[in-house]
Amino acid sequence: MSRTKEPEHELVRRLLPYSLPAFAVAALLGGLLGGAGAAWSAGIAVVVVAGNFVGNAYSVAWAARIAPTVLMAVGLGGFMVRLATLTVALLLLDRLGWYSPLAFAAAFVPTTIALLVVEMKLLAGRMQADLWYFPERTS
């Protein structure tokens, strides 16, 4: 990975293209194993993982431009916001007749694990804090 001012944007640039094939594989497997509802549920899981990844990357990159304290607040608060959003989305999806929580979980868990493994490999040997860029204050 190249050393940029915002490594989170570099991660998104490198990993987001894999979300479309992941969506296709999840939907195909869901469809083969459980029908159309399972296909959509598995596909939605991949979209949720990708959306969570992008939301986290852009919010952390934004906060890192401001100050370390803001970065910490966004890191902790952003996690809570994304978790609450996921919870509400799952509750709303569960009201739909075609939604399959099993297919969603069967796609969500391995997609999340695969994303984390790839992120770790790309950042191996580097301290995340060393990758952040904090502009010099001239006050």
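In this predicted model, Leu-28 is found in helix H2, which covers residues 19-34. The side of the story worth following here is how open this residue is to its surroundings. With a relative accessible area of 54%, Leu-28 is exposed, because exposed means a value over 50%. Leu-28 also has company: together with Val-25, Leu-29, Leu-32 and Leu-33, Leu-28 forms a nonpolar patch on the surface. The accessible area of these residues together is about 570 Å².

Stepping back to the whole protein chain, six helices and zero strands are present. Along the sequence, the pattern therefore reads α-α-α-α-α-α. Of the 139 residues in the protein chain, 31% are buried.

How are H2 and H3 arranged relative to each other? Their axes lie 6 Å apart, and the two helices pack at an angle of about 155°. Angles over 145 degrees count as roughly antiparallel, so H2 and H3 are roughly antiparallel to each other. The crossing in which H2 passes H3 is right-handed.

Helix H3, made of residues 36-66, also meets helix H4, made of residues 68-93. Here the axes come within 9 Å and cross at roughly 160°. That angle makes H3 roughly antiparallel to H4, by the cut-off of 145 degrees already used for H2 and H3. H3 passes H4 in a right-handed crossing.

A further partner of H3 is helix H5, which spans residues 101-123. The axes of H3 and H5 come within 8 Å, with a crossing angle of roughly 30°. Angles under 35 degrees count as roughly parallel, and H3 and H5 are therefore roughly parallel to each other. Once again the handedness can be read from the model: H3 passes H5 in a right-handed crossing.

Helix H5 also holds Glu-119. Is this residue buried or exposed? The relative accessibility of Glu-119 is 18%, and buried means under 20%, so Glu-119 counts as buried. Glu-119 can also be placed with respect to Arg-14: the two are 105 residues apart in sequence. In space, the distance between Glu-119 and Arg-14 is 10.0 Å from C-alpha to C-alpha.

Two residues thus illustrate the two ends of the accessibility scale: Leu-28 in helix H2 is exposed, whereas Glu-119 in helix H5 is buried.

Conventions. Residues numbered from 1 in each chain as written. Predicted model: local features only at pLDDT ≥ 70, side-chain atom pairs only at ≥ 80, totals over all residues. Heavy atoms only, no water. Patch = residues over 30% accessible without salt bridge, like charges linked within 9 Å, V, L, I, M, F, W, Y side chains within 5 Å. Areas by Shrake-Rupley, 256 points an atom, 1.4 Å probe, with all protein chains shown as cover. Salt bridge = Lys/Arg side-chain N within 4 Å of Asp/Glu carboxyl O. Helix = DSSP H or I, 4+ residues; strand = E, 2+ residues; numbered from the N terminus. Buried < 20%, exposed > 50% of the residue type's maximum accessible area, 1.4 Å probe, protein only. Axes fitted to C-alpha atoms, helices over the stretch in contact; angles between N-to-C directions. Parallel < 35°, antiparallel > 145°, perpendicular 65-115°, else oblique. Left-handed = near helix turned anticlockwise from the far one by under 90°.
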